[in-house]
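Trainee: Please take me through a single part of this model in detail. I would like to know where the part sits, what surrounds it and how its rings are arranged.

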Amino acid sequence: MPSISLDKALHNHFQRNQRWGFTWALWTAVLWGAWYVPGTAMWYEEPFVSIHSGDHGMRLAATAVMTWIHAVVVLLFLIIWNGMLGKLRDYGRTIVRFRRISKWYALASLCGGPMAIFGSYMAMGYVGPVFAAITSLFYPVVGAIIARLWYHEKISGRAALGMAIIIMGGVVIYGPGLFGEIDISENYAWLGYVGGIMSAIGWGAEGAVASRAMDVTDPDVGIQCRFSFEILFWGILVLPMIYLLTDLPIITLLVDMLTSPMVMIWMVLASIAHAYCYTAFYKSFSLIGVGRGEAIGNLYGVFAVLFVMAFTLELPEWYFVLGLILTVTGSFVMYREPAENISTLREVES
């Protein structure tokens, strides 16, 4: 067999990592976009559809219950995934090492669950789904900045340009609808604006925090740890506090949701999409970095509109086509970066 030089072997290795990293990030975008269909459909089923739009306490309580059940079902699918891969023992060894490793996944669960997912539901409920989507599109910038300031992850000029183009594409897709949804005359609209900011900061921070732990852990194991901590946070702290300190019917909401066949069908579909979306999300971080993984994942805006179009049979507006061109262009700008650049994402600290 002909021998190859060390430089050529390293180049092939870096190129393979780059290709797989962008592939996982693209799967993140596809599955994230698919999640919007069942995730939105749940609000049109009982018991959620009967909640009055002015009953803000009930709406927030329903969002909390929905988020907790969602995390539980996602964890079940992650257990199946890691069980098939033979990684359940690794999961057990990782989650008990809280002081050195799993504390980062606990922090990531706070950023991604109670902050990002809950905030996104707030934005959808109090302002509108278009507003929720467009504010979340800025999360790659948050993640890249945190990763840069915290552990010196490099952002090349090409990567920054690609991220900027992708975000611009998302703004073009959702921008026209955004201006039609914002209504400053609504007394509680500020809750939606706060939720939008929470989602962008939460998802961006989650990537940076989780990447810290993935230096020494498997991404498949890490995402299972992350949802384990989210379940504990909601089930042991938040929901019991709401039950004890308010008169909101948390138990009734929980029972009604679990006994509603259509809600649970949509919940299972949403959880499948989110479980494997997050798995691909975390895998991309260890291969191409937080900023690049989140920027390619930002293509979810395009896929979300495509999936909604497929289910509603409504053709997209002209600005969707323009946004699609921009987001795809930004992805190719980032992908054409030399593989060796991605292999040296972090600066060496003295």
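Mentor: Trp 203 is buried in this predicted model, with a relative accessible area of 1%. That residue lies in helix α8, which runs over residues 189-213. The helix has 25 residues and spans 37 Å from its first C-alpha to its last, close to the 36 Å expected at 1.5 Å a residue. Most of α8 is covered, with 18 of its 25 residues buried.

Now the ring partners. The whole structure holds 16 aromatic pairs. In one of them, the ring centres of Trp 32 and Trp 203 are 5.1 Å apart and the planes stand at 65 degrees, so this pair is edge-to-face. Trp 32 belongs to helix α1 (residues 6-41) and Trp 203 to helix α8, so the pair ties together parts that are 171 residues apart in sequence. Trp 32 is buried as well, its relative accessible area being 3%.

Trp 32 also pairs with Tyr 300: their centres lie 4.4 Å apart with the planes at 15 degrees, so these rings are stacked. This pair again links distant parts of the chain, because Tyr 300 is in helix α13 (residues 300-312), 268 residues from Trp 32. Tyr 300 counts as buried, at 0% relative accessibility.

These three rings belong to a cluster linked by ring pairs, whose members include Trp 32, Trp 203, Tyr 300 and Phe 227. At Phe 227, the charged end of Arg 226 sits over the ring, 4.2 Å from its centre.

Key: Residues are numbered from 1 along each chain as its sequence is written. This is a predicted model: local features need pLDDT of at least 70, side-chain atom pairs count only at pLDDT 80 or more; totals for chains, interfaces and linings use all residues. Side-chain values use heavy atoms; hydrogens and water are left out. Helices (H or I, at least four residues) and strands (E, at least two) are DSSP runs, numbered from the N terminus. The expected span of a helix is 1.5 Å times one less than its number of residues. Buried means under 20% relative accessible area, exposed over 50%, partly exposed in between (1.4 Å probe, protein chains only). Rings of Phe, Tyr and Trp (its six-membered ring) pair if their centres lie within 6.5 Å; planes under 30 degrees apart count as stacked, over 60 as edge-to-face and the rest as tilted. A charge sits over a ring if NZ of Lys or CZ of Arg is within 6 Å of the ring centre and within 35 degrees of the ring normal.
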